[in-house]
Amino acid sequence: MTTARRASRSVRAEFKSRRARRDRFDDQALYSFMTCPTALARDLVQVGPDPDPTSLFDQILASDSARFRSKLLDYSRATSTGLGGTRRAVTPAERARQTRLLMLRGPALIRSALLARGNHLISRPHALVACRGRSNLGDHHYAPVVIKNRLHVSAEDRTGLTYQALLLLTVQGRFPESGQVSLRDGSQVTVGLERSSPDSRRVKQALQAWLDGRRGSPVPRPFGCARCGSCRWNRACQEELRKLDDPSLIPGMKRKVRDNLLQAGVSTCHALAETEQAKLVAIPGIGKKLAATFISSARALSSGKPVWLNRPDVNTSIDEPSLFLDFESESSVDADYLIGVLIRTEGQERYFPFLAREPGEEGAIWRAFLKQVSPLLTGGTKVYHYHSYEAAAIRRLSSRHGDPEGVAERLLGHLVDLRRVLRDSVALPLESNSLKSVARWLGFNWTGDDASAKASMIWYRSWLESGDESLLRDCVVYNRDDCLATAVLADWLSAMRTGLPREEIRR
Ligand code: SF4
């Protein structure tokens, strides 16, 4: 197929899916609203910016989840009843009718059900489980089941179950007291459900937002946050946020705080940079410290230059060893598959990758890593890393695989989180404080344009499936670059500790 034909097919598919979204409020619309009201509204407008193409990582995650769901439902095939036929073959109304007929018969578990209220509200629960207790169906009723390829129940799961329980109330005349979440580790979590709960209120808010969107209400102003990175509207929203010079471009801004700033008339980063600290402190949700941080970040963004708050407390020029640490994990196999450490001793640097060729080797690489670093953990040795992941991973691996000689415990005492140092010492002219943004701003480049934590996970998964050694090498190169980037940042902060003129520091 030519590129032009492929493009026109995807435009037609997008148009069709937007029309379907306007026709029906479903689980996906509820999820979009919970991600961000702007996402739901953008999904409904017929004319507007195009969404970003789905990333390879998100495609893989979606197909993993679908595979996990069908595997679990296949296990229960002996005790469950499906509706038969393909979903495409019948209309939602017919599917809902078939579901109710099946519910009247009362099988223990129903697969591929469809619940509906009127023509516009539908849901496709992953399964329905029969429970004792009277309803319109007889001496039994049904509760919703959600199957998640994760290890924890999320707020979205609870709200989704509540929406399905509200539809079940229409179908069976009884609101189920609980729903179930089946998790990746095989556990079944029972979630209590109530008709009047915050989850129920969220469902109603989402429904109202959907109705407003259908009536053509303006798309709510975007809010820049960590979720944007995996949202299909990222490009359109970032463009709008930059045009508006929105305060949520400042890293760490909370939605409620941004909304309070807008209400107080502080609607741009420029305005925020010029605002007196005393005025900001009067705005709900902003304390003295936060006000100072916001003003510094807004000044840095507006001027394009760093704003220094304190001398950074980092010194990499000491005689003792400096270690730069980075872990890579893969959620689908629930393992840390690569521990990388760049060791600098007496002016020499050497990178050590501890790589699990299969997830079952996690314990072995953990022990090898501890053996490598143990002799270096003395006196003033510093182990630099970026953000909280490494400390959490060390604790998790200790409890999973042990720490018989207390090396991990000592290691924790030597950790220096450079993200924390950065936050306390300088506001950078950046919209994100991720290691990628910060190190790139300092001039560091990762090998390969597509290098990212998500890409590394894809390479590792593909290695597990294909056995292609080059993919493992890509994982190691990426991890080595992360360690090098951490070292670049630490050295820059260390240089600024002594080289920064006093008058550059604002407080
Ligand atoms: S990109 Fe961000 S602001 Fe835009 S819809 Fe998605 S989550 Fe909301």
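This is a short talk on one protein chain and the ligand it surrounds.

Good morning. A caution to begin with: what you see is a predicted model.

Let's take the whole chain. The protein chain has 507 residues, and buried residues make up 35% of them. Its C-alpha trace spans about 80 × 55 × 55 Å along the principal axes. Count the secondary structure and you get 19 helices and 15 strands. Now the contacts. Take those in the chain with a separation of 6 or more: residues 24 or more positions apart account for 66% of them.

Next, the domains. How is the chain divided? Domain 1 covers residues 3-214, domain 2 covers 245-305, and domain 3 covers 322-504. Look at domain 2 and domain 3. Their centres, taken over C-alpha atoms, are separated by 32 Å. The two domains do touch: 9 residues from domain 2 and 6 residues from domain 3 take part in the contact. On the domain 2 side, the residues that touch domain 3 are 4 nonpolar, 4 polar and 1 charged.

Now the ligand. How many residues surround the ligand? The number is 13, and the closest are C36, P222, C228, C231 and C237. Two elements give two or more residues each to this shell: α3, residues 37-44, and α8, residues 234-244. The largest share comes from α3, with 3 residues. By class, the shell has 8 nonpolar, 3 polar and 2 charged residues.

On to a hairpin. Strand β7, residues 178-182, pairs with β8 in the antiparallel sense, over 5 bridges. Find V181, then find V189 in β8: the two are bridge partners. Between the two strands of this hairpin sit 5 residues. One residue in the turn is G186, with a positive phi of about 90°. Is β8 well covered or hardly covered? Hardly covered: β8 runs over residues 188-192, and among its 5 residues the count of buried ones is 0.

Now a sheet. Which strands form it, and in what order? It is an open sheet of 5 strands, ordered β12-β11-β10-β13-β14, with mixed pairing. At the edges are β12, residues 348-355, and β14, residues 415-417, and each pairs on one side only. On average, neighbouring strands here are turned by 25° against each other, direction ignored. Zoom in on one pair. Strand β11, residues 335-345, is joined to β12 by 8 bridges, and the two run antiparallel. There, L342 stands opposite Y351 in β12.

A helix joins the picture too. Helix α16, residues 418-425, lies across β13 and β14. It runs at about 45° to β14.

Last stop: one residue, R311. Where is the place of R311? It is in the loop between β9, residues 307-308, and β10, residues 322-330. Why does R311 count as partly exposed? Because 17 other C-beta atoms lie within 10 Å; a buried residue would need 20 or more, and an exposed one 12 or fewer. Leave aside its neighbours within four places in sequence, and R311 is in contact with S425, R497, L500 and I505. Now compare G160. It is 151 residues from R311 along the chain, and their C-alpha atoms are separated by 48 Å.

To recap: three places to revisit on screen are the ligand shell with C36 among its closest residues, the hairpin of β7 and β8, and the open sheet of 5 strands. Thank you.

Terms used:
Residues are numbered from 1 along each chain as its sequence is written. This is a predicted model: local features need pLDDT of at least 70, side-chain atom pairs count only at pLDDT 80 or more; totals for chains, interfaces and linings use all residues. A residue is near a molecule or strand if its C-beta atom, placed from the backbone, lies within 6 Å of it. Helices (H or I, at least four residues) and strands (E, at least two) are DSSP runs, numbered from the N terminus. Ala, Val, Leu, Ile, Met, Phe, Trp, Tyr, Cys and Pro count as nonpolar, Asp, Glu, Lys and Arg as charged, and the others, Gly among them, as polar. Two strands pair if DSSP finds at least two bridges between them. Axes are lines fitted to C-alpha atoms, for helices over the stretch in contact, and angles run from 0 to 180 degrees between N-to-C directions. Two residues are in contact if their C-beta atoms, placed from the backbone, lie within 7 Å. Domain bounds come from an automatic or database domain assignment.
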